Amino acid sequence: MKKDIEIPIAKQVYVAVVLEWDKEFLSKEWSAYLVNERFTAIDMALVVSKGYDKERKTTTMRHNVGLVESKSFQKFELMMDAIFALNNEFFITFFADNKMYERKIVFEKDSINEKNVVTIPLLEKEGILGK
């Protein structure tokens with residue numbers, strides 16, 4: 001039965017939106033990273049992202065991130081400034097320790113901006129960590 005399926009909420013797995021220099025376009029760009037602070041790797045990681053508010057919504061994006069080793073990260077999406085006026089939701093699912101885990105992270109509208117940037121320790125880059 002569906003009620004018998006246990007899917008625990010993931011801990012120590014985050015999305016970080018990072019402002020970094022793009023060598024190709026010679027400008028600063030925002031990128032989304034899946035961050036694994038667990039002591040074990042996560043496998044078959046999938047991130048579904050979308051932006052929304054009461055009147056508008058973006059296309060739903062699906063990113064197969066795959067394997068992310070313990071205490072590491074993986075870039076999965078380039079983000080355009082125009083979507084920061086919307087709530088940005090990331091729904092993460094992955095397998096670890098023979099279980100499927102999930103987590104939803106939402107960056108509230110207008111929260112992704114240079115005023116809110118901090119150093120993200122594992123990445124050693126400037127950005128915003130969604131928990």
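Start by selecting glutamate 20: with a relative accessible area of 14%, this residue is buried. You are looking at a predicted model, so treat each stop below as a feature of that model.

**Stop 1: the glutamate 20 network**

Keep glutamate 20 selected and add lysine 125. Their side chains meet in a salt bridge, with N and O 2.9 Å apart. Glutamate 20 belongs to strand E1 (residues 13–22) and lysine 125 to strand E9 (residues 125–130), so this pair ties together parts that are 105 residues apart in sequence. Unlike its buried partner, lysine 125 is partly exposed, at 28% relative accessible area. Now add Lys75 to the selection: Glu20, Lys75 and Lys125 are linked in a network of salt bridges.

How many salt bridges does the structure hold? There are six, and the next two stops show further examples.

**Stop 2: glutamate 89 and lysine 50**

Select glutamate 89 and lysine 50, whose side chains form a salt bridge of 3.9 Å, N to O. This pair also links distant parts of the chain, since glutamate 89 sits in strand E6 and lysine 50 in strand E3, 39 residues apart. Glutamate 89 is buried, at 12% relative accessible area, while lysine 50 is partly exposed, at 34%.

**Stop 3: aspartate 53 and arginine 56**

Move on to aspartate 53 and arginine 56. The closest N and O atoms of this salt bridge are 2.8 Å apart. Arginine 56 has a relative accessible area of 45%, so it counts as partly exposed.

**Stop 4: glutamate 77, a charge without a salt bridge**

Next, pick glutamate 77 in strand E5 (residues 72–79). Glutamate 77 is buried yet has no salt bridge. Where is the nearest side chain of opposite charge? That is arginine 62, 11 Å away. What you will find instead is a polar contact of 2.9 Å between the side chains of glutamate 77 and histidine 63. Show the surroundings too: leaving out residues up to four places away in sequence, glutamate 77 touches Trp30, Ser31, Ala32, Ser49, His63 and Phe90.

**Stop 5: arginine 38 and its loop**

Now select arginine 38, in the loop between strand E2 (27–36) and strand E3 (42–52). Is arginine 38 buried or exposed? Its relative accessibility is 9%, so it counts as buried. Beyond its neighbours within four places in sequence, arginine 38 is in contact with several residues, including Lys11, Gln12, Phe94 and Tyr101. Aspartate 97 is also among the contacts of arginine 38, and a polar contact of 2.8 Å joins the two side chains.

**Stop 6: aspartate 97 and asparagine 98**

Follow that contact to aspartate 97, in the loop between E6 and strand E7 (99–107). Aspartate 97 is partly exposed, at 48% relative accessible area. Check its backbone: phi is near 55°, a positive value in a residue other than glycine. Then step to asparagine 98, which lies in the loop between E6 and E7. Asparagine 98 has a positive phi of about 60° although it is not a glycine. With a relative accessible area of 82%, asparagine 98 is exposed.

**Stop 7: a nonpolar patch**

To finish, switch on the surface and select Ile5, Ile7, Met44, Phe95 and Met100, which make a nonpolar surface patch of about 450 Å². One of these, phenylalanine 95, is placed in strand E6 (residues 87–96). Phenylalanine 95 counts as partly exposed, at 36% relative accessibility.

Methods
Residues are numbered from 1 along each chain as its sequence is written. This is a predicted model: local features need pLDDT of at least 70, side-chain atom pairs count only at pLDDT 80 or more; totals for chains, interfaces and linings use all residues. Side-chain values use heavy atoms; hydrogens and water are left out. Patches are made of residues with over 30% relative accessible area and no salt bridge: like charges are joined within 9 Å, nonpolar side chains (Val, Leu, Ile, Met, Phe, Trp, Tyr) within 5 Å. Accessible areas come from the Shrake-Rupley method with a 1.4 Å probe; for residues, only the protein chains shown count as cover. A salt bridge is a side-chain nitrogen of Lys or Arg within 4 Å of a carboxyl oxygen of Asp or Glu. Helices (H or I, at least four residues) and strands (E, at least two) are DSSP runs, numbered from the N terminus. Buried means under 20% relative accessible area, exposed over 50%, partly exposed in between (1.4 Å probe, protein chains only). Lys and Arg count as positive and Asp and Glu as negative; His and the chain ends are not counted. A polar contact is a pair of N or O atoms within 3.5 Å; within protein, one must be able to donate a hydrogen and the other to accept it, and residues adjacent in sequence count only if both atoms are side-chain atoms. Contact means heavy atoms within 4.5 Å.
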